[in-house]
Amino acid sequence: MTSNKVAVILGANSNLGLNIALRLVENEDPEVNITFIVTSRTEARAEEASKKIEDIIKNVERPGKVNCDPFVVDLTSMESVKKFANNLNSKYKEINYLFNNAALGLCDGINWGRAVWEVCTNPKKAVTDPSYRIQKKGAKSDDGMGYVFQANVFGAYFLIHELIAPLSKGNASVVWISSLCSTSKYLSLSDIELINSDRPYDGSKRIVDLLQLATYKELKSKGIYQYVVQPGIFISQSFSQQLNIFTYWAMFLLFKLVRYWGSFWHTIDGYKAANSAVYAATFVDKDFERQDLKYGSATYNDGAEYIKPQEIEGTGKDLVYKYVESKRLEWENKLKDK
């Protein structure tokens, strides 16, 4: 008997999001029909992302059908998130996968002098944890929250809790996409919304790691299996926009070189970067696998891919969880009649 599965992908029209869809189609039982919930801030972009997914999977031969259902949602608007959750709850009784691939960075340019210096003096760091990318500081959403915090963390956190019923019924895998650079130095526990942070993107991914440690057991008690992964270092659309054709290919070559020199985190392309997300989502025995680890997409120096688990340092997880959960309850009350 043919079964049906539903997968929500936040950030589906990015390089990584599209490849998560492709790898899920490749790894899921070929007899299963898959519906992708494809989201974007506008109807046109959601439709565009759906067409991209249909195009990227067209060469995968499988008897099960793959459909895309586009939705409009803006993670920096809690009313939009609530409306999206209401629509999903009405339309889908079960959700089997949810990937939070939100990765807003608010890149404000590149310090080219520092970039050249870093490439010349420490090329591995230059393409792993660069200090020359300028991120906007102090940005707030119309809801009054830190913009990157709401886009990358809180909007999805709130959404997951609004979808507990279909996620539980679907015995869902919830996968948060973190980062290699989500270290404690980029998050001040006195600025959890990252409003005063020089590295709000990296800080938001640190919050993701801490929320994983704080919440996975509670979700598991409801039949929802939550994981956190990181895609390694790959060529993303957001960063490529800051480059011209010459600097793009220079970066690509440097990625190749540092991987050859032994950097296992340089996955480079979106398909290999998506390995960890789908690997965690499709665990055969979910109760056997550890949820307190971060699963990373990695490659050998010849480009062959593998999964490299990482321990998550948990300092501050209780404080972060208390802050984010109290904010969720606050917004739940504000939107109770929506």
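**Notebook: cores, sheet and helix α8**

I began with the largest nonpolar core, which has 47 residues; Phe84, Leu88, Phe149, Leu167 and Ile207 touch the most other members. I then noted which elements feed this core: β1 (4-10), α3 (78-91), α6 (147-162), α7 (164-169), β7, α8 and α13 (317-334) each supply at least two residues. Helix α6 gives the most, with eight residues. A reminder to myself: this is a predicted model.

**Entry on Phe84**

What does Phe84 touch, leaving aside its neighbours within four places in sequence? I found Val8, Leu10, Ile37, Thr39, Phe71, Val73 and Leu159 in contact with Phe84. Apart from the largest core lies another core, of 36 residues; Leu18, Ile34, Ile53 and Leu293 are among them.

**Entry on the sheet**

Next I traced the strands. I found an open sheet of eight, with mixed pairing, in the order β3-β2-β1-β4-β7-β8-β9-β10. Which strands stand at the edges? They are β3 (66-72) and β10 (305-311); each has a single partner strand, so one side of each is left without a neighbour in the sheet. From one strand to the next, the twist averages 25°.

**Entry on β8**

I stayed with β8 (residues 225-230) and looked at its partners. With β7 it pairs in the parallel sense over five bridges, and there Ser173 stands opposite Tyr225 of β8. On to β9 (residues 293-299): three bridges join β8 to this strand, and the two run parallel. Here I saw Gln230 opposite Gly296 in β9.

Is β8 buried or exposed? Six of its six residues are buried, so β8 is largely enclosed by the rest of the structure. I checked the two faces as well, remembering that in a regular strand the side chains alternate between the two faces of the sheet. Tyr225, Tyr227 and Val229 are on one side of β8, Gln226, Val228 and Gln230 are on the other, and all are buried.

**Entry on helix α8**

What lies across β8? I found helix α8 (residues 200-220), which lies across β7 (173-177), β8 and β9 and runs at about 160° to β8. I tried a length check: at 1.5 Å a residue, the 21 residues of α8 should span 30 Å, and its end C-alpha atoms are 29 Å apart, which agrees. I also looked for a bend, and α8 has one of about 40° at Ala214. Last, I looked at burial: 16 of the 21 residues of α8 are buried, so this helix is largely enclosed by the rest of the structure.

Technical notes. Residues are numbered from 1 along each chain as its sequence is written. This is a predicted model: local features need pLDDT of at least 70, side-chain atom pairs count only at pLDDT 80 or more; totals for chains, interfaces and linings use all residues. Side-chain values use heavy atoms; hydrogens and water are left out. Two strands pair if DSSP finds at least two bridges between them. Helices (H or I, at least four residues) and strands (E, at least two) are DSSP runs, numbered from the N terminus. Axes are lines fitted to C-alpha atoms, for helices over the stretch in contact, and angles run from 0 to 180 degrees between N-to-C directions. Contact means heavy atoms within 4.5 Å. The expected span of a helix is 1.5 Å times one less than its number of residues. The bend at a residue is the angle between axes fitted to the seven residues ending there and the seven starting there. Buried means under 20% relative accessible area, exposed over 50%, partly exposed in between (1.4 Å probe, protein chains only). A nonpolar core is a set of buried Ala, Val, Leu, Ile, Met, Phe, Trp, Tyr and Cys residues joined through side-chain atoms within 4.5 Å.
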